[in-house]
Every structure is written in structure tokens, then in C-alpha cells.
Amino acid sequence: MSTENAQWFYCLRHHRVEPFEGCKAADRLGPYPSVAEAEGALEKVAQRNENWDNDPRWNDDDNGADDER
């Protein structure tokens, strides 16, 4: 695979960026188009989780008050 089309992954087991030929998929995040983006994988996950937790469309902290079942 050429470096211009390379895919990079962040390994959750080893806490480092790896090329395609790395750990098994269950242990990593990606693919990312660059090493820099793969290095920022955990920050991206944290930001997405924060956005999800604060999205009123997905707020289920009301214990089903709007649930009409």
C-alpha cells in the first residue's frame, strides 16, 4: 500500500498509531487517512461522546416520562 493511500489505526491495547498491518480490529479505532488524525482518535471519541451525552434528541435521563407504551 502506498503511503498516499495508507490507512492508519489507533491501537487501544498498545496506545499507539499502527498501519493496516497491526493488531486485530477489535483492539483499534479507524481507519484514519493520516497518522495525525489517528493520533487524535481518543480526543475525537471523547468529543463525540460529549456531544451525544448533551444532545437533547438522545437525552433519556427522564426515565421514560415521554414513553407512551
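Let's start with disulfides: a search of this whole predicted model turns up zero of them. The pair to look at is Cys11 and Cys23. For Cys11, the closest cysteine sulfur is the one in Cys23, and at 3.7 Å it is too far for a bond. A disulfide would need the two sulfur atoms within 2.5 Å, so the 3.7 Å between the sulfur of Cys23 and that of Cys11 doesn't qualify. Both cysteines are tucked away from the surface by the numbers: Cys11 has a relative accessible area of 0% and is buried, while Cys23, at 16%, is buried too.

Now for the strands around them. Strand S1 covers residues 8-11 and strand S2 covers residues 16-19, and the two run antiparallel, paired over four bridges. If you want a landmark in that pairing, take Phe9, whose bridge partner in S2 is Glu18. S1 and S2 make a hairpin, with four residues between them. Have a look at His15 in the turn, where phi is positive, at about 55°.

S1 also has a partnership with S3, again antiparallel, this time over three bridges. Here the landmark is Trp8, which has Tyr32 as its bridge partner in S3. S3 itself spans residues 28-32, so it's worth stopping at Arg28 and Tyr32, both of which sit in this strand.

Is Arg28 buried or exposed? Its relative accessibility is 12%, and because the cut-off for buried is under 20%, Arg28 counts as buried. Its side chain reaches the backbone oxygen of Cys23, at 3.1 Å, which takes us back to one of the cysteines we started with. Leaving aside residues up to four places away in sequence, Arg28 touches Phe9, Tyr10, Cys11 and Leu12, along with Glu18, Pro19, Phe20, Gly22 and Cys23. So Cys11 and Cys23 are both among the contacts of Arg28, and so are Phe9 and Glu18, the bridge partners from the hairpin.

Tyr32 also comes out at 12% relative accessibility and counts as buried. With residues up to four places away in sequence again left out, Tyr32 touches Ala6, Gln7 and Trp8, and also Glu37, Ala38, Ala41 and Lys44. Trp8 in that list is the bridge partner you met above. One more distance to check on screen: Tyr32 and Tyr10 are 22 residues apart in sequence, and their C-alpha atoms are 8.5 Å apart in space.

Key:
Residues numbered from 1 in each chain as written. Predicted model: local features only at pLDDT ≥ 70, side-chain atom pairs only at ≥ 80, totals over all residues. Heavy atoms only, no water. Buried < 20%, exposed > 50% of the residue type's maximum accessible area, 1.4 Å probe, protein only. Polar contact = N/O pair within 3.5 Å; in protein donor to acceptor, adjacent residues only side chain to side chain. Contact = heavy atoms within 4.5 Å. Pairing = 2+ DSSP bridges.
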